[in-house]
Amino acid sequence: MYEVELKVAADVAAVRDRLASTDADRLEAIRQVDTYYDAPDRDFAATDEALRIRVERPLAGSEAAGSRADDDGTTPRTKVTYKGPLVDEASKTREEHETTVTDGEELAAILDGLGYTPAATVEKRREFYRLDGYTLTLDRVDDVGEFVEIEREIETADGIDAARDHAGDLLRELGLDPDDQIRTSYLGLLLDGDA
């Protein structure tokens, strides 16, 4: 499975207003806390890979619009994700494997036992929309900024170009320029800001 993704810096409120005039469906708003890990046997920054534990909780009401209020009190969802190196020079497309886990603390203990160590944590509030078969995400990333991501999963590499080009067309329809895309991950942007 490949995740074809374009990401641009954007004013989230302005994009939300533009989405109101499209046939986009709002899916959910969540708060995510992503803990990224370093491997004992290789440098993920050098190999362009990532391993993370993600804990997410739905946000109540309009909190995703900018409030930093806590979640809605529901039990969090926890996922583990491996992201391979970028496979396309014109987007953030990469192989990705992700699954839900029932106990994030136990997973963290397993990784610790194997020598994996937490490297950094990225926190964000996200609003998800469905638009023309793509997932469009409005992101407010703590200590990094505001962004719009548009992505679609495809099964084979031969569909990357078409999926990427259509994602660019959808960004243009929302008044965004796909040529302004950022291929650096939120983790990379956060770490670059610390340097």
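Helices (H or I, at least four residues) and strands (E, at least two) are, in these notes, DSSP runs numbered from the N terminus. I am working on a predicted model, in which local features need pLDDT of at least 70, side-chain atom pairs count only at pLDDT 80 or more, and totals for chains, interfaces and linings use all residues. Residues are numbered from 1 along each chain as its sequence is written, and side-chain values use heavy atoms, with hydrogens and water left out.

**Sheet.** I looked up the strand order first and found a closed barrel of eight strands, S1-S5-S4-S3-S2-S6-S7-S8, with antiparallel pairing; two strands pair if DSSP finds at least two bridges between them. On average, and with direction ignored, neighbouring strands of this sheet are turned by 35° against each other; axes are lines fitted to C-alpha atoms, for helices over the stretch in contact, and angles run from 0 to 180 degrees between N-to-C directions.

I then went to the helices on the sheet. Helix H1 (residues 12–19) packs there and touches S6 (117–131), S7 (134–141) and S8 (145–154), its direction making about 150° with that of S7, where contact means heavy atoms within 4.5 Å. Helix H3 (residues 104–113) also packs on the sheet, touching S2 (25–38), S3 (50–58), S4 (77–86) and S5, and its direction makes about 165° with that of S3.

**Pairs.** S1 (residues 2–9) and S5 (residues 94–101) are joined antiparallel over two bridges, and Glu3 stands opposite Arg94 in S5. Between S2 and S6, also antiparallel, I noted 13 bridges, with Ile30 opposite Arg126 in S6. S6 and S7 run antiparallel with eight bridges, and in their hairpin, which has two residues between the strands, Asp132 takes a positive phi near 55°.

**Pockets.** I used a 1 Å grid over the protein atoms alone, a pocket being an open set of points where a 1.4 Å probe fits, with protein on both sides within 12 Å along at least five of seven lines, and lining residues having an atom within 4 Å of a point. The largest pocket has a volume of about 1,000 Å³, a volume being the space filled by probe spheres set on the points, which are joined across faces, edges and corners. Of its 47 lining residues, Tyr36, Arg52, Arg54, Lys83 and Glu96 are the closest to the centre. S2 gives the most to this lining, with eight residues.

The second largest pocket has a volume of about 170 Å³, and its lining includes Ile53, Arg77, Gly104 and Ala108. H3 supplies the largest share of that lining, three residues.
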